[in-house]
Structure formats: C-alpha cells, structure tokens
Amino acid sequence: MSTTRPGALERPQLRRSLSAFGLFALAFGSMIGVGWVTALGSWLTNAGPGGAILAFLAGGAVILCIGLCYAEITPMLPLAGGEVAYAYKAFGTGKAFIVGWFLAFGYISVSAFEAISIGRVLGYMFPALARWELYRVAGEPVYLPHLLLAVLFTALITGINYIGVARAGAFQKWLTLGFIAVTVVFVAAGLILGDPGSTGPLFVGDSVSASLGGALAVFVTVPFWFVGFDTIPQGAEEADAAVPPRRLGTLILISIVAATAFYAILILSVAATGPWQSIVDADLPTARAFQLAFGSPVLVNLVLVAAVIGLLTSWNGFFLAASRVLFALGRGRIISERFGNTHARFLTPGRAILFVGAVTLVAPLLGRSALIAFVDVGSFCIGIAFLGVALSVIRLRKVWPDAARPYTIPGGLVIPYTAVAGALFVLAVMLVPGSPAALVWPLEALILAGCSMLGLFFWFAGRRGRGTIDEGERAWLILEDYAAEAPRFTKEEVTP
C-alpha cells in the first residue's frame, strides 16, 4: 500500500495494527533482554552489587531525560524510523543518515548479541549441545549446535517480522506477559528467602575512586541495556488509530521506569542468594546463583525459561526496530530506495527485514567472545542516536515553535540539554584511552570501523537515488503530512 503525491511520487505505507499494550510490550520486552543472565557477572566484577545498582539507577535517570525528549518528539512526528524523521526535520538529509545509520547498527548489534546468546542459554539447559567444536575465537570454542540454533532462531524472528507487524506484536505481547509472570517468582524467592548479609562487599575497589571507576564501567553500557524504549517511535506509524499520540510518550516513560526497577531489583535479588563472588565466572551467573543458594532445579529452570523469553522479546523488538530505521532511510531515498519498499501482501519492509536477518547471521561466527564487544559497540552507536534526538528536540523548539506538541517537556530546555550532556559523557568515556569503559582494540574497534565503512558504502551507493528527487519530495516521503513546515536546508546541511 502507498499514498501518491501529485506528480506520481509514491510513498510506501505500513499497516496500522499495534495496540497500546503491544507498544509497551515492544519497548519493555526489548529492554529486559537476556543481559541480566549473560552479563551479570561482568557487572558484579566491575562494580559489585551496590555499584551495579548505582550505575543502573544513574543510567536510568540519564535515559529518562533522553526518554522525555522522545516523549515530546514522538507524538509530534509519529513516523516509522523515528529518529530518522526527527533528525531530518531538524537538521536535514546528511544528519538524518548519520543518526539513522548508527541507530540501525546499534539495533543490529543487539540482534547479534541475542544470536550469540541463544546457544549459550540453551547450552546451559542442555549441556549436550556443547559438542562438535568447529574452531575457536579468542580462546572461546564455537560449536556446531550453537551455530545451528542461531540460524534457526534468526530464521524464526525474520519470518515472524516478514509476514506482518500484527504477528510480531502478538508474539511480543504473549512473551512479555510470560516473562513477567516467571520473573516475579524467582526474584521474590531471592529477596524473601535470601540473606541480605551476603550482598557484601557492595562495591569493588580499595578506594572511592576505584569503586566509582567500576561503577562507571557499568554505567556507560547502560544505553545498551536500556535501549528498547525507542522501539515505540519505530512502531509509531503502525500504532492502531485508537492509540492517541500523547500516549506514545507516556508509554516510553513507563517502560523506562519499569526497566530501571527490574534491573535494580534483579541485581539485589541475585546478590542476596549468597556470596556473589562465587558466581561471577559462571557462564550464566544468575542461574548459578539460584542453583547454589537453593539447590532447586525448579528455580534454576524458571531463570532459564525467563532468559529464553527475554532473549526472544528483545531480539524480536530490536529486529523490528532495525528494519524500520532502514525502511525510513530507504523510503526517503537517503540510501537505496529498495530498502523503502513494502511487501505487496504483508505491507512489511521485506528487503530491510531480510538484510537485518542476513547481518545477524554473521555474528554467531565470532563466538561468545564477541558478546561484550557487541554490547560496547552497540552502546556507542545508540549513544550517537540518543544525542541526535536530544539535539533535534532543542533545534525544533527553535525552528518549529508553533508545532502541535501533545506532550511538552517541563522546565524549558533544561532536560534536553541534560540529555545532550549525558549522551556526550557516555560517548567521551568510551573514546578516551585509559578510561575504564574505553573501546577495546582490536575486536570492538574493528566492529565500529566496519560499521562506519559499511555506512560510507551505503551513503555513496545511494547517491544516484538521492539525486532523483528534490528536498521537497524527500520531505514528503519522510514526513508526509508533516512536510509542509519542513525547514529548507543548504547543500552543506544535506551532506554529512
């Protein structure tokens, strides 16, 4: 389906079928993921339970500032690709590409993380899967069954998204409800039956500066663990007509608060089960904690079931979001317009979905040694997108002051500028050599370099398509009814 502008320029359309709860499930299910099972050991090793909780609360506060920026701008521009439309409206084609490309790669990094994690989680449940070693990467074995599981589940997620957003939304809703039900049981067991005295030491390090450094190392990865609330902007164009625009912003804020509470309570619950130092080197520290504390296979299995569900909800949400960002870039002919076409029957961005699936399949070949690398690179890429959104809110307050804003951030520009500062801080500490959270050479730097090179390829490959329409036509393709007030940009603003 598409709408046609005078002059026969067609704008591909997506089907509107996501309910309010479906959008919340998309966001919260994406945010909780499986990191609380696979990466908990690194959080505790770096910061201890107190430092990790502090990092997540501080990170949640920064993310809430960024979420407030989304809460203002998403109801203004409820369009697929979210950040692409915001950056285009505020800064033009070139900046929209930079924000969109890094965001898409950040989402794909999460998808890659889940593809690697599926073998690790199911391998804990079924140890026989850890056989038929093919090769090693950084000392970590890559097993054939793990690769086959990654292929199988990638095909499943790709297929669900390909045949329609209604199916993907229903899949997400039921899995999220199941996750909440299962998680309440074992988290409550840890808090009620555990020993609060076993949580010490709360911080790692023999000095205040060392403890803060450990907390900082966790803090800068928070964008990766909290990213997911921004899947609501990606699905805003597909929201059911019964969902009022203001509710989109409310759902974003609720999902951030819910995820912050989940991570803090989960860390406390695990720490209360016994000496946390005994679990940090385990493959799945959360499951190991409940196994050592209670010796109950039921609780351990509940943790693993919740891990699989969380993995699938996160994977499905980010997969959908990545495809919508690429779709928005293609529909606006910023990159090849093939990515902006929709399937004739399913009204989904078929080519974008298949591309995300293909790239995801590469990640498991790197083995589980690449897990933390994708976390760090994904955090960096998503941090760039968050910075772009905060700057877009500030810019649009100036160039589009009379726009209808179903929700306006209180306090003027204080919160948007705080969001800018928070995003810049996260990016800075990841780039400064010697920082406890600096990107690590060679794997992380190579992944980021590969992302940048691929982005340059897509930009130059799309040059001919960008030249087939003028900026007025591009504004209509990206913004549709919101194009009339679109600022006009100079040539320098169109080029990144």
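Is arginine 333 buried or exposed, and at what relative accessibility? The legends below take up that residue and several others in a predicted model.

**Figure 1. Arginine 333 sits in a loop between two helices.** This close-up answers the opening question: arginine 333 has a relative accessibility of 15%, so it counts as buried, the cut-off being under 20%. The loop that holds arginine 333 runs between helix H13 (297-331) and helix H14 (350-362). Do have a look at the backbone here as well. Arginine 333 is not a glycine, yet its phi is positive, at about 55 degrees.

**Figure 2. The whole protein chain gives the setting for the close-ups, with 20 helices and four strands.** The radius of gyration is 22 Å and the globule rule gives 23 Å for 496 residues, so the chain is as compact as a globular protein of that length. Along the principal axes, the C-alpha atoms occupy a box of roughly 70 × 50 × 45 Å. Buried residues make up 61% of the 496 in the protein chain. If you like to think in contact maps, take the contacts between residues at least 6 apart in sequence: 82% of them join residues at least 24 apart. The exposed surface of the protein chain comes to about 18300 Å², and 67% of this is supplied by carbon and sulfur atoms. As for charge, the protein chain carries 31 positive and 26 negative charges, and their mean positions lie 6 Å from each other.

**Figure 3. Strands E3 and E4 form a hairpin with two residues between them.** E3 covers residues 133-137 and E4 covers residues 140-143, and the two pair in the antiparallel sense over four bridges. Two of the facing residues are easy to pick out. Glutamate 133 is placed opposite tyrosine 143 of E4, while tyrosine 135 has valine 142 of E4 opposite it. In the turn, alanine 138 shows a positive phi of about 55 degrees. A general point helps when reading this view: side chains in a regular strand alternate between the two faces of the sheet.

**Figure 4. Tryptophan 132 belongs to the loop between helix H5 (93-125) and E3.** Which phi does tryptophan 132 take? The value is near 55 degrees, which is positive although the residue is not a glycine. Tryptophan 132 has 55% relative accessibility and therefore counts as exposed, for which the cut-off is over 50%. Compare this with the view of arginine 333, which counts as buried at 15%.

**Figure 5. Threonine 286 is a buried residue of helix H12, which spans residues 285-294.** The relative accessible area of threonine 286 is 0%. What does threonine 286 touch, once residues up to four places away in sequence are set aside? The partners are Trp36, Val37, Leu40, Val270 and Val303. These are good side chains to display together with threonine 286.

**Figure 6. Isoleucine 180 and leucine 193 both lie in helix H7.** The helix takes in residues 165-193. Isoleucine 180 is partly exposed, with a relative accessibility of 34%. Its C-alpha atom is 8.3 Å from that of alanine 306, although 126 residues separate isoleucine 180 and alanine 306 along the chain. Leucine 193, in turn, counts as exposed because its relative accessibility is 58%. Apart from neighbours within four places in sequence, leucine 193 makes contact with Ala188 and Phe294. Another pair to mark in this view is leucine 193 and alanine 47, which lie 146 residues apart in sequence and 24 Å apart from C-alpha to C-alpha.

**Figure 7. Glutamate 10 is part of strand E2, made up of residues 9-12.** How is glutamate 10 classed, and at what relative accessibility? At 47%, glutamate 10 counts as partly exposed. To place glutamate 10 within the chain, find cysteine 451, which is 441 residues away in sequence. From C-alpha to C-alpha, glutamate 10 and cysteine 451 are 31 Å apart in space.

Methods: Residues numbered from 1 in each chain as written. Predicted model: local features only at pLDDT ≥ 70, side-chain atom pairs only at ≥ 80, totals over all residues. Heavy atoms only, no water. Rg over C-alpha atoms; globule rule 2.2 N^0.38 Å. Buried < 20%, exposed > 50% of the residue type's maximum accessible area, 1.4 Å probe, protein only. Contact = heavy atoms within 4.5 Å. Areas by Shrake-Rupley, 256 points an atom, 1.4 Å probe, with all protein chains shown as cover. Lys, Arg positive; Asp, Glu negative; His and termini not counted. Charge placed at Lys NZ, Arg CZ, Asp CG, Glu CD. Pairing = 2+ DSSP bridges.
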